[in-house]
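This report describes selected features of one protein structure, taking helix packing, the sheet, a pocket and backbone geometry in turn. The sequence and structure are shown below.

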Amino acid sequence: MTAFDSMAGGYDAEFTASALGRVLRPMVWERFAARFAPASSLLELGCGTGEDAIHLAKSGHRVLATDASPRMIELARRKAEAAGVGSRIRFQVVPMESLSAVLGTEVFDGVYSNFGAVNCAPDLAALAGALSPRLAPNAPLVWVIMGRFVPWEMGWYLLRGDGRRAFRRFRRDGSEWRGLTIHYPTPGDCARLLKPFFVSDVARPLGAVLPPSYAAGWLERAPRLYRWLSRMERRLFDRARGAGLGDHYVFEGRRAA
């Protein structure tokens, strides 16, 4: 059982359908629509319960959705069939570090990953090298990555006397979680690690104003504040300001020609 198998059953209720998820995920989808040409063949890293793959399939794309969790893949496949897009999505249980063994010679029009899946990759530079031959020249890359400097997180845990969690993202060798080592690269780190295989274009904050999911339960009970914070979040996102201060950031780049 992978670290994410036990989370699969409750993930959509706890995040996708939450007040936070209802704001942040559509913002990411906007960037998918802006970067991926119509009817693209796309590779997803860390598909989770398939929410993004299903959305993109409904938009006319074809998706190879991968995840290391068999349980996540099982749920995603069921959702895709129920949504009527099962024929447009292929699902593959595979960890990111083993992608080269399953991709063969297939070439994709773009690659994406949402909400921190690539933070679990043991070596982003090696991952970039493995992906590059499987992408067309100038193919877009859109990754949503957990950032390092998160004022919300530091404040939340310091107020609770938990200094270890408050500064966990600063650990040089990563932070241990359920048997995984999670790394938190800054946008600058990500641009550097993906060279020379990818060119970086822009990074946008996601969760710089709105709180992280573990601290966001109260949003449902404060609709006015929720709407105001969401507007501020939108402004930073559209202006691509403050990417280094978000719980996540949307990193946009393209395969080097």
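## Helix packing around α1

Axes are lines fitted to C-alpha atoms, for helices over the stretch in contact, and angles are taken between N-to-C directions, from 0 to 180 degrees. The model discussed here is predicted. In it, helix α1, residues 8-16, packs against helix α4, residues 70-82, at an angle of about 60°. The axes of α1 and α4 lie 8 Å apart. On the α1 side, the meeting residues are Ala8, Gly9 and Asp12, and on the α4 side they are Arg71, Met72, Leu75 and Lys79. Sorted by class, the contact of α1 with α4 has three nonpolar, one polar and three charged residues.

Helix α1 also packs against helix α2, residues 19-35, at an angle of about 85° and with the axes 6 Å apart. Because angles of 65 to 115 degrees count as roughly perpendicular, α1 is roughly perpendicular to α2. From α1, the contact involves Tyr11, Phe15 and Thr16, while α2 contributes Leu20, Gly21, Arg22 and Arg25. By class, the contact of α1 with α2 has three nonpolar, two polar and two charged residues.

## The seven-stranded sheet

Seven strands form an open sheet with mixed pairing, and their order is β3-β2-β1-β4-β5-β9-β8. Its edge strands are β3 (89-93) and β8 (198-206), each of which pairs on one side only. On average, neighbouring strands of the sheet are turned by 20° against each other, with direction ignored. Strands of a sheet pair through backbone hydrogen bonds, in either a parallel or an antiparallel manner.

At the β8 edge, this strand runs antiparallel to β9 (residues 248-255), and eight bridges join the two. Within this region, Val202 stands opposite Glu252 in β9. Helix α10, residues 223-239, lies across both β8 and β9. The direction of α10 is at about 165° to that of β8.

## The second largest pocket

The second largest pocket has a volume of about 310 Å³. It is lined by 19 residues, of which Arg148, Arg172, His183, Tyr184 and Pro185 are the closest to the pocket centre.

Which element supplies the largest share of the lining of the second largest pocket? Helix α9, residues 187-194, does so with three residues. By class, the lining has nine nonpolar, three polar and seven charged residues.

## Backbone geometry in two loops

Two loop residues deserve a separate note. The peptide bond from Lys195 to Pro196 is cis, with omega near 0°. Pro196 is found in the loop between α9 and β8. Helix α9 is thus mentioned twice in this report, since the same helix contributes three residues to the lining of the second largest pocket.

The other residue is Ala39, which belongs to the loop between α2 and β1 (41-45). Although Ala39 is not a glycine, its phi is positive, at about 55°.

Note on methods. Residues are numbered from 1 along each chain as its sequence is written. This is a predicted model: local features need pLDDT of at least 70, side-chain atom pairs count only at pLDDT 80 or more; totals for chains, interfaces and linings use all residues. Side-chain values use heavy atoms; hydrogens and water are left out. Helices (H or I, at least four residues) and strands (E, at least two) are DSSP runs, numbered from the N terminus. Contact means heavy atoms within 4.5 Å. Ala, Val, Leu, Ile, Met, Phe, Trp, Tyr, Cys and Pro count as nonpolar, Asp, Glu, Lys and Arg as charged, and the others, Gly among them, as polar. Two strands pair if DSSP finds at least two bridges between them. On a 1 Å grid over the protein atoms alone, a cavity is a set of points where a 1.4 Å probe fits but cannot get out, and a pocket is an open set with protein on both sides within 12 Å along at least five of seven lines; lining residues have an atom within 4 Å of a point. Grid points are joined across faces, edges and corners, and a volume is the space filled by probe spheres set on the points. Angles under 35 degrees count as roughly parallel, over 145 as roughly antiparallel, 65 to 115 as roughly perpendicular and the rest as oblique.
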